[in-house]
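Hi everyone, thanks for making time this morning. I'd like to walk you through one structure, starting inside and working outwards. Here it is on the screen.

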Protein chains: 2
Amino acid sequence: MRGLDRPSQSGEQGAMNRKRVSAHQPVLLATVAAKAGVSIATVSRIVNGETGRASAETIERVQKIVGALGYRPNHVGRALRRRESRIVAMLSPNLDNPAMAAIAASVETALRSAGYVMILCDTHDRAELQDEYLHAMRSQAVQGYVLVNAVQSEALSASVARGDPIVFVGRRNPAGAGSFVGIDNRRAGADAADHLWAQGIRDLAVIHPTQGSSASRDRVDGFVRRLKELGLPCEAIRQASALGLSHLEVGYAAAQRLIDGKSWPGGLLCPSDMMAYGAYRLALEKGIRIPETCRIVGIDDNALNAWIAPWLISVRIPYADFGAKVVGQLQALWAGEQPSEQLLPHELIVR
Amino acid sequence: MRGLDRPSQSGEQGAMNRKRVSAHQPVLLATVAAKAGVSIATVSRIVNGETGRASAETIERVQKIVGALGYRPNHVGRALRRRESRIVAMLSPNLDNPAMAAIAASVETALRSAGYVMILCDTHDRAELQDEYLHAMRSQAVQGYVLVNAVQSEALSASVARGDPIVFVGRRNPAGAGSFVGIDNRRAGADAADHLWAQGIRDLAVIHPTQGSSASRDRVDGFVRRLKELGLPCEAIRQASALGLSHLEVGYAAAQRLIDGKSWPGGLLCPSDMMAYGAYRLALEKGIRIPETCRIVGIDDNALNAWIAPWLISVRIPYADFGAKVVGQLQALWAGEQPSEQLLPHELIVR
DNA sequence: CTGAAAGCGCTTACAG
DNA sequence: CTGAAAGCGCTTACAG
């Protein structure tokens with residue numbers, strides 16, 4: 001229909017404007033209604049499974065036509081009318097990180113089961129991009145937000161203030177309270193400490209990003225505190241940090257500083273697997289044997305570790321279970337409940 | 001506004017129904033218009049940058065109010081009216097595969113730059129799920145589809161027949177022609193052959209999924225043909241395959257069959273890095289030294305290889321460049337152009 | 001059991 | 001330079 005009823009006043013340009021008019025006109029509620037000889041209201045009700053509001057014959061006839069024509073309700077119209085888009089936005093800092101990809105996959109699956117679709121936004125860990133996306137998603141009228149490792153930003157504060165349904169994953173709301181799904185980061189660090197200690201390793205070190213998130217800090221903190229409890233003074237634990245966007249590079253550079261003019265430690269905590277990979281590369285370059293010379297402990301336990309990084313001890317985070325929890329939190333928020341935190345169990349994996 | 005003008009007839013249940021009425025009423029075109037004392041038509045034009053259709057004073061006044069109120073056009077209303085959702089659906093078989101994650105990230109970035117948002121659907125490589133998503137996305141009135149490693153399915157055929165704008169990535173349309181972004185898989189296989197041959201390795205093998213995609217087949221084919229050209233008869237190339245959804249497992253199991261009762265080959269082509277990881281794990285278990293005993297060549301060259309898989313030779317596929325090409329193809333389709341194929345250059349990486 | 005009508009938030013000819 | 005009105009595809013009280 002579109003454009004066909006518009007008189008073509010530019011006769012000589014007709015040939016140029018002649019696009020493939022292959023676009024089937026869409027099947028609308030009205031199309032079905034006309035074919036069935038009923039009102040669109042009736043078709044709408046039947047399509048929405050509202051039974052008992054139409055005669056059995058009508059229902060059957062309409063359903064047959066719906067099937068034959070392949071009618072699918074247009075969610076744009078529905079969303080406008082019902083005021084629910086059934087879209088959720090997920091903002092993730094970086095899909096190249098297997099942990100983030102695992103979260104995205106898990107959340108996507110859970111949302112789909114619950115009847116929602118997920119718009120994925122890669123913020124590249126940059127506050128401006130996070131803001132841009134937050135604005136764009138508001139325009140999309142998304143019903144909720146899943147913020148993985150969110151950073152502090154203006155639009156985030158505004159969104160929180162507005163009371164938008166947000167679930168924070170991995171990192172807590174950088175500016176206040178809010179629903180959260182993650183692990184007990186301090187305990188994860190402490191578990192790493194316990195393991196290395198139990199191995200009899202006393203020459204310990206930890207690296208971290210210079211401007212680490214609360215998650216990183218908590219992991220390092222838990223590690224250091226636990227060692228202190230075990231009798232190792234803070235000064236005895238070597239620490240190094242490095243700036244950088246990528247944890248791979250942070251791991252490499254921080255490890256470099258750590259060993260600058262000194263020997264490799266016997267045990268090294270890296271608060272993410274990516275940092276562990278970075279440190280590993282440096283070890284390879286320096287001819288250090290891992291794990292014989294140095295036990296590296298990461299956190300995440302990416303699925304690939306079992307296949308190609310058997311040298312890595314890592315705290316497994318059950319990312320596959322995050323999706324269901326996240327969706328649960330969203331539904332709680334939609335139901336008007338207060339935000340809450342959900343900590344999932346982690347497990348140290350030694351290969 | 002919602003619900004507030006509805007007379008509360010259940011006085012005694014009032015307390016139970018009293019939800020947090022914290023939901024701010026949204027800022028609409030009408031809100032801005034009322035505040036500015038103009039019609040919504042005028043506000044709409046100004047918001048859409050239609051200059052020269054309103055006096056300078058009006059424009060300034062309206063823009064000020066828009067800013068103060070933080071008005072953002074609701075894309076649901078806009079989509080319904082303009083008949084364009086500015087949403088594109090990406091169907092990917094498995095985000096856990098770093099190659100798929102890289103494609104998703106690249107496409108997402110390119111779409112965003114072009115003013116679109118991406119709904120991500122993880123099909124888990126299952127035809128039924130692909131169909132379910134294809135239907136759901138039609139309901140969402142998405143403007144285009146990006147199908148990564150698509151499998152044959154009913155809804156896909158229907159979508160193609162309908163003329164929906166689809167770009168196939170990695171794997172071609174399993175049932176016919178269509179826009180495509182990928183690499184020259186035969187050449188990639190041939191390049192692997194050339195490299196191993198040049199190393200003087202003659203004891204060669206290749207593994208692959210039993211029901212491989214056209215991409216896998218072409219890679220293996222290119223490898224075998226090139227070796228034949230070089231003088232190695234087909235019979236001299238050991239081959240093994242295995243069933244399985246995950247390429248990791250396929251790699252492991254196929255390698256197992258390959259060496260069943262025999263020695264490890266000196267060179268092994270794995271048509272994906274994931275399969276190479278699988279084969280590597282078996283090698284580790286068997287105490288085979290990689291790469292000293294056996295050179296493994298993968299295809300993809302995942303970003304992590306440089307950090308933790310220096311033993312892996314791999315054909316680098318420029319996934320980071322896929323996004324721009326995919327969006328270009330989509331725009332071509334939207335402009336009414338015929339589908340076309342775009343092959344990007346690959347490069348064998350030897351570490 | 002069914003339909004006419006209002007309205008969700010926007011855009012856009014059309015008229016002035 | 002500006003606004004009234006139609007309409008995008010749906011859902012849902014309301015009336016019969």
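Let's begin with the lining of the largest cavity, in what is a predicted model. From chain A the lining takes A:His75, A:Val76, A:Ala79, A:Ser85, A:Ile87 and A:Gln140, and from chain B it takes B:His75, B:Val76, B:Ala79, B:Ser85, B:Ile87 and B:Gln140. If you want to find the place by element, look for helix H5 (75–82) of chain A and helix H5 (75–82) of chain B, the elements that each give two or more residues to this lining. In volume the largest cavity comes to about 120 Å³. And what is the character of the lining residues, nonpolar, polar or charged? They divide into six nonpolar, six polar and no charged.

That is one of six cavities of 30 Å³ or more in the structure. The second largest holds about 50 Å³ of space. Its lining residues are B:Leu91, B:Ser92, B:Pro93, B:Thr123, B:Asp125, B:Gln130, B:Leu147, B:Val148, B:Asn149, B:Ala150 and B:Val151. Here strand S1 (87–92) and strand S3 (144–148) of chain B are the elements that supply two or more residues. By character, this second lining splits into six nonpolar, four polar and one charged.

Now, how are the two chains related? A rotation of 180 degrees, with 0.0 Å of shift along its axis, puts chain B on chain A with an RMSD of 0.0 Å. So what we have is the relation of a two-fold axis. Which residue of chain B has its C-alpha nearest the axis? That is B:Ile119, at 2.1 Å from the axis. Both copies use the same surface, too: of the contact residues of chain B, 98% recur in chain A.

Next, please follow chain A along its length. Chain A is divided into three parts: domain 1 covers 21–73, domain 2 covers 86–183 + 320–345, and domain 3 covers 185–318. Notice that domain 2 is given as two stretches of the chain. Taken over C-alpha atoms, the centres of domain 1 and domain 2 of chain A are separated by 37 Å.

There is also an annotation to mention. An unreviewed UniProt entry places the feature "domain: HTH lacI-type" at residues 27–82 of chain A. What does the model show over that range? The chain there is 68% helix and 0% strand, with the end C-alpha atoms 20 Å apart.

I'll finish with some backbone details, for those of you who like to check geometry. In chain A, the peptide bond from A:Ile290 to A:Pro291 is cis, and omega is near 5 degrees. You'll find A:Pro291 in the loop between helix H12 (273–286) and strand S9 (295–300) of chain A. Chain B has a cis peptide bond joining B:Ile290 and B:Pro291, where omega is about 10 degrees. B:Pro291 sits in the loop between helix H12 (273–286) and strand S9 (295–300) of chain B.

One last residue is A:Asp125, whose phi is near 60 degrees, a positive value in a residue other than glycine. To locate A:Asp125, go to the loop between strand S2 (117–122) and helix H7 (127–139) of chain A. That's my tour, and I'm happy to take questions.

Technical notes
Residues are numbered from 1 along each chain as its sequence is written. Chains are lettered from A and ligands numbered from 1 in the order in which they are written. This is a predicted model: local features need pLDDT of at least 70, side-chain atom pairs count only at pLDDT 80 or more; totals for chains, interfaces and linings use all residues. Side-chain values use heavy atoms; hydrogens and water are left out. On a 1 Å grid over the protein atoms alone, a cavity is a set of points where a 1.4 Å probe fits but cannot get out, and a pocket is an open set with protein on both sides within 12 Å along at least five of seven lines; lining residues have an atom within 4 Å of a point. Grid points are joined across faces, edges and corners, and a volume is the space filled by probe spheres set on the points. Helices (H or I, at least four residues) and strands (E, at least two) are DSSP runs, numbered from the N terminus. Ala, Val, Leu, Ile, Met, Phe, Trp, Tyr, Cys and Pro count as nonpolar, Asp, Glu, Lys and Arg as charged, and the others, Gly among them, as polar. Domain bounds come from an automatic or database domain assignment. Copies are superposed by least squares on the C-alpha atoms of residues with pLDDT of at least 70 in both. Contact means heavy atoms within 4.5 Å. UniProt positions are given in the numbering used here, feature names are shortened, and annotations may be inferred rather than shown by experiment.
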